[in-house]
Amino acid sequence: MGRVIVHLGAHRTATTLLQQTLTKNSEMLRQAGVELLVPPRTRRQVFDGLIKRPSLRSDEDEQTAAQSARKLRNRFRKFKDDDNTNLFVSEENILGTMRDCRDCTELYPELVQRLEPYREAFAQVDCIVIGIRNTHHWWCSALAYTVGEYAALPTSDEIKAIAKSSRTWADIISDVKESFPDVPVVVREHPYAPRSIGVDLANQTDLKQLAEIAPLDKVSNSAASEDALRRKLEARDGDSSGLREMMPGGVFDPFDQTQTNNLNERFESDVAVLQASKDDQVLFYPRARERSSRGVNSNALQTPICLLHIGKTGGTFLRSVLKAADYLPTNLQVLKHSDTLESTRRRYGNDRRLAFVIRDPRTRFVSAFESRMRQGRPTYNSQWSSAEATAFMWFPDANALAEALGSDDERMRSAASFAMENIQHLRLNYQHFLTSAEALEREKENIQFCIDLAELDTKLPDALAGLGITSQPNIEEAKRHAAPGQPTRLSALAERNLRDYWDKEFEIYHYCRTALL
């Protein structure tokens, strides 16, 4: 008898990454006796009429939903009757959509009614898999996604309603169990370890073939940057004026501290309920929270090590080196420019480890200016924003910009401030990523390593060991995002102006050099 596994999502819990990983391994899985039913196949008639919110369905929708449910039941029965073939289904919209959640300001509304047509089909299922995520993080991610795709910025009333909503992940699990009381439910807490995703799922679902899948070396549907969200809003003629206030630390988060605390407490209660559950049909797999040791290479899930990608500090080279490694620890999180000291704390917890490379603010300033002036070429091809295009009309090189920071001409000084606030790698400065010297001092015990770019080559083995990589990768072909030609030299005036304008940058750099290296 074949096994049928149904993965219900939820959204914003790495569901797309799982689906893409399965699709990449589809031929291997087929040969091993596992068929897949994942997007985009699930979006082509398989679930017609079943995705729409029950209270919004017409009579015709109900008839279509009933037909789709019968087809699904027959499809499942076919696999149950075949000893040699199994089926893995993944479709997050079975639970509902992010639009439904936002419209109702609660997690997956009307779920029991939504699942009613599936009762007969899902009675044959061997295991249902559900991903959950810290409630505060989930709403931040889901709201950012809706803003990027179709919606306006959330209003204060929406935010208050979400923060006050009593519906929890425990309620979602309860609704699923009410709908399918005889089907085991596997609950997995996001974030997962992408490189052990197949082994984890194989153990959790008893579908052993999944242990052989190769992980994807990518992130899917990652959070959009402020610039990307602003462009999408403005393309729809939407109001983006409150966006920056909703993105502290570069991460979309419209909740105040009290609201954040309420959402976090709600999730902690969910975890406590799941951990204390006596129902042997509900299997909870929480993310590991125990502290890891520095430099330890382990296959066990440990406290996340967050490798920050501070622009113009050798990030392209270091990421290329990691790509050449035979093994990356499951707890290593290789992050993007949107991730910061503050956002990693919210996303991975207070005990996450931090790793980053720094650079003298003067050389970083020149490199940042010139890289964006070239639009990232030759390594990348990242077009200017309209604000960057304006800035580069005013300043032909980095020295001109730095000298203008202290200009007696108010127009030039204003243009220079505009450029500093809008040229990407200048705006995303040490304050953006690391907050302040005081914040670093508070996080000192959580810092895995801090290395100056000037010493990265010689300290690379130490850096890799700090990330849990003990074997030296082949780095001969590792990319270096180096500037062609000689960088612009700053005049004495330019350096003085830069130190005055960027005093916090130099303060953070000095703290790193004296306290962390």
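1. A crossing of two helices is called left-handed if the near helix is turned anticlockwise from the far one by less than a right angle. In this predicted model, helix H16 passes helix H18 in just such a left-handed crossing.

2. The two helices can be located along the chain, with H16 covering residues 386-394 and H18 covering residues 410-422, and their axes come within 9 Å while crossing at roughly 140°. Since an angle has to be over 145 degrees to count as roughly antiparallel, H16 and H18 are therefore described as oblique to each other.

3. Where the helices touch, H16 contributes Ala387, Glu388, Thr390, Ala391 and Trp394, which meet Arg411, Met412, Ala415, Phe418, Ala419 and Asn422 of H18. Sorted by class, this contact of H16 with H18 is made of seven nonpolar, two polar and two charged residues.

4. Turning to another part of the model, a student may look for the second largest pocket, whose volume is about 680 Å³. Its lining consists of 32 residues, and those that lie nearest the centre of the pocket are Asn134, Asn264, Arg345, Arg346 and Gly349.

5. Which helices each supply at least two residues of the lining of this second largest pocket? They are helix H7 (135-149), helix H12 (257-276) and helix H14 (341-348), and H12 gives the most to the lining, with seven residues.

6. The classes of the residues that line the second largest pocket deserve a separate remark, for the lining divides into 13 charged, 11 polar and eight nonpolar residues.

Technical notes. Residues numbered from 1 in each chain as written. Predicted model: local features only at pLDDT ≥ 70, side-chain atom pairs only at ≥ 80, totals over all residues. Heavy atoms only, no water. Axes fitted to C-alpha atoms, helices over the stretch in contact; angles between N-to-C directions. Helix = DSSP H or I, 4+ residues; strand = E, 2+ residues; numbered from the N terminus. Parallel < 35°, antiparallel > 145°, perpendicular 65-115°, else oblique. Contact = heavy atoms within 4.5 Å. Nonpolar A, V, L, I, M, F, W, Y, C, P; charged D, E, K, R; others polar. 1 Å grid on protein atoms, 1.4 Å probe; cavity = no way out; pocket = protein on both sides within 12 Å on 5 of 7 lines; lining within 4 Å. Points joined across faces, edges and corners; volume = space filled by probe spheres on them.
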